Amino acid sequence: MALKALDIYKLLPRKNCKECGDPTCLTFAMKLAGGKTDVDLCPYLDEGARAILGATTRPPIRIVKLGIGERSFAVGEEFVLYRHEKTFYHPPGIMFKIADTQTVDEIQAVTTRVLNESFSRVGADLRFSGIAIENASGSADTFALAVETVEKTADLPLVLMSKDPAALSAALTHCGTYRPLIHAATQENYEEFCTLAKHHGCPLVIKGNNIEKLAQLAKDCTTKEVQDLMLDLSPESLQAFIVRSTAIRQLSITRVAPDLGYPVFLDASVMEQQEAAIALGISKYASVIITHPLSQASAKAALTLRQNIYTDPQKPIQMNPGLYRVGTPGKDAPVLMTVNFSLTFFTLQGYLESSRVPCFMLIVDTEGLSVLTAVAAGKLSEMLVKESIKKFSVEDEVSHRTLIIPGYSSPLSGRIEEATGWKVLVGPRDAAEIGDFLNKEWKQ
Ligand code: SF4
């Protein structure tokens with residue numbers, strides 16, 4: 001059972017020495033209770049307290065980091081079974097698979113695609129996460145050459161997939177310092193794989209289709225001092241994946257089986273229905289998903305699903321407040337004020353672009369609430385509009401003083417005029433009508 005901050009505080013040394021990075025033991029206790037720090041940061045804990053706190057305050061699923069640098073990413077550290085209970089924190093890395101038997105040109109083309117391809121959706125850039133290289137040739141030299149080709153083409157997180165420790169060792173000479181994920185140790189070979197993972201400081205996938213044996217294998221690897229593990233459940237079908245992955249999630253977050261508290265790995269490329277496997281993996285607890293390079297349509301679908309599942313349901317997706325241009329507006333262009341709920345922003349922006357009327361969008365900070373909700377909750381006020389006009393220097397951008405406000409904020413029109421000194425035009429309630437509205441009403 002999770003401990004409360006005061007219970008944790010009672011177990012701390014209460015020296016207030018700040019060595020953990022927090023100003024007091026109480027602050028450290030509060031952070032521990034919220035899973036925001038690690039018990040090992042306090043050097044003065046006795047072993048009994050460390051064991052109790054470690055077991056109750058660490059995230060039930062270990063955080064594992066792949067790669068280094070700008071494109072590195074972390075997976076794991078999840079706390080709930082269902083997204084609506086809280087949120088999911090770390091979206092799965094989706095990685096394109098190449099075989100070391102492919103030509104240099106083919107390998108470079110896939111790597112360059114993962115490096116550069118990006119889809120923009122509701123204010124976020126969606127990208128694939130890295131490259132998985134499979135030792136399909138069985139040759140250590142060929143594998144090392146393919147890994148070297150990828151590594152020289154782009155700085156991306158990698159998965160090295162081979163059964164042969166010698167091939168992995170040869171590949172790690174090219175990328176061992178970049179934290180590639182090593183795939184995969186089994187009960188038969190885990191000692192050699194652990195030696196490699198420990199030597200290069202890399203995370204390691206362990207593989208098996210029996211949950212109890214997988215838990216034992218995880219325990220065996222930790223005794224070899226390899227803690228950053230992931231679990232490949234060797235699913236023979238989509239159903240087998242869902243059953244095992246859900247069981248592992250339940251057993252780990254309830255801390256019934258702490259030895260299974262690691263992120264799950266899914267090689268969707270070996271499943272019969274790859275796209276369906278990706279969708280299930282995103283929805284049901286895979287943290288790294290391997291796929292053959294996807295078509296543009298499938299790529300967008302996978303990244304959109306990932307974005308949706310891993311968006312905090314308690315926080316609306318927000319735009320940064322500011323003054324945005326549509327086209328190249330001049331000094332006499334209309335200024336349309338609206339809220340920073342991203343769906344509102346992108347809907348309005350789309351209709352404004354279709355209207356072909358260059359204009360400014362003044363986006364005010366309603367903490368992501370829609371117009372109607374923001375008005376009802378008092379988050380959209382005349383003072384906010386006044387401050388936003390000043391903050392984003394709107395009066396320097398246009399020569400007129402007319403502001404178009406959304407139809408649903410019409411109750412504020414008089415107060416906005418009074419507070420800002422601007423004339424207010426109440427726009428339509430439906431963004432789809434904004435083009436007609438501008439053509440009829442906007443005359444400066
Ligand atoms: S290092 Fe330990 S004793 Fe020192 S302030 Fe932090 S929790 Fe307290």
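I began with the bridge partners of strand S16, and I noted that Val-335 is paired there with Leu-403. I keep in mind throughout that this model is predicted. Val-335 led me to strand S14 (residues 335-339), which is joined to S16 by 2 bridges, the two strands running parallel.

I then followed S16 to its pairing with S17. Strand S16 covers residues 402-405 and strand S17 residues 423-426, and I found them paired in the parallel sense over 4 bridges. Going from S16 to S17, the chain passes through helix H16 (residues 413-420), and I recorded this β-α-β crossover as right-handed. For the register of the pair, I noted Lys-423 in S17 as the bridge partner of Thr-402, and Leu-425 in S17 as the bridge partner of Ile-404.

Next I looked up helix H17 (residues 434-441), where I listed Ile-434, Phe-437 and Leu-438 as buried. These residues lie on the same side of H17, because they cover an arc of only 95° around the axis. I recalled that an α-helix has 3.6 residues a turn, so residues three or four places apart point the same way. On the other side of H17 I found Asp-436, Asn-439 and Lys-440 exposed. I also asked myself which helix the buried residues of H17 pack against, and the entry I made was helix H12 (342-355).

I turned to helix H7 (residues 190-200) with a similar set of questions in mind. Here I noted Tyr-190, Phe-193, Cys-194, Leu-196 and Ala-197 as buried. Seen down the axis of H7, the buried residues fall within an arc of 160°, so I wrote them down as lining one face of the helix. Glu-191 and His-199, on the other side of H7, are exposed. For what covers the buried residues of H7, I recorded a list that includes two helices, H6 (165-175) and H8 (211-223), together with the strands S8 (181-185) and S9 (204-207). I closed the entry on this helix with Gly-201, which follows H7 and has a positive phi, near 65°.

My last entry concerns the ligand. I found 13 residues surrounding the ligand, and I listed the closest as Lys-15, Cys-17, Cys-20, Cys-25 and Cys-42. What is the make-up of the shell around the ligand in nonpolar, polar and charged residues? I noted 8 nonpolar residues, 1 polar residue and 4 charged residues in the shell.

Terms used. Residues are numbered from 1 along each chain as its sequence is written. This is a predicted model: local features need pLDDT of at least 70, side-chain atom pairs count only at pLDDT 80 or more; totals for chains, interfaces and linings use all residues. A residue is buried if 20 or more other C-beta atoms lie within 10 Å of its own, exposed if 12 or fewer, and partly exposed in between; C-beta atoms are placed from the backbone. The arc is that of the directions from the helix axis to the C-beta atoms. Two residues are in contact if their C-beta atoms, placed from the backbone, lie within 7 Å. A residue is near a molecule or strand if its C-beta atom, placed from the backbone, lies within 6 Å of it. Ala, Val, Leu, Ile, Met, Phe, Trp, Tyr, Cys and Pro count as nonpolar, Asp, Glu, Lys and Arg as charged, and the others, Gly among them, as polar. Two strands pair if DSSP finds at least two bridges between them. A crossover is right-handed if, with the strands pointing away from the viewer, the path from the first strand over the helix to the second runs clockwise.
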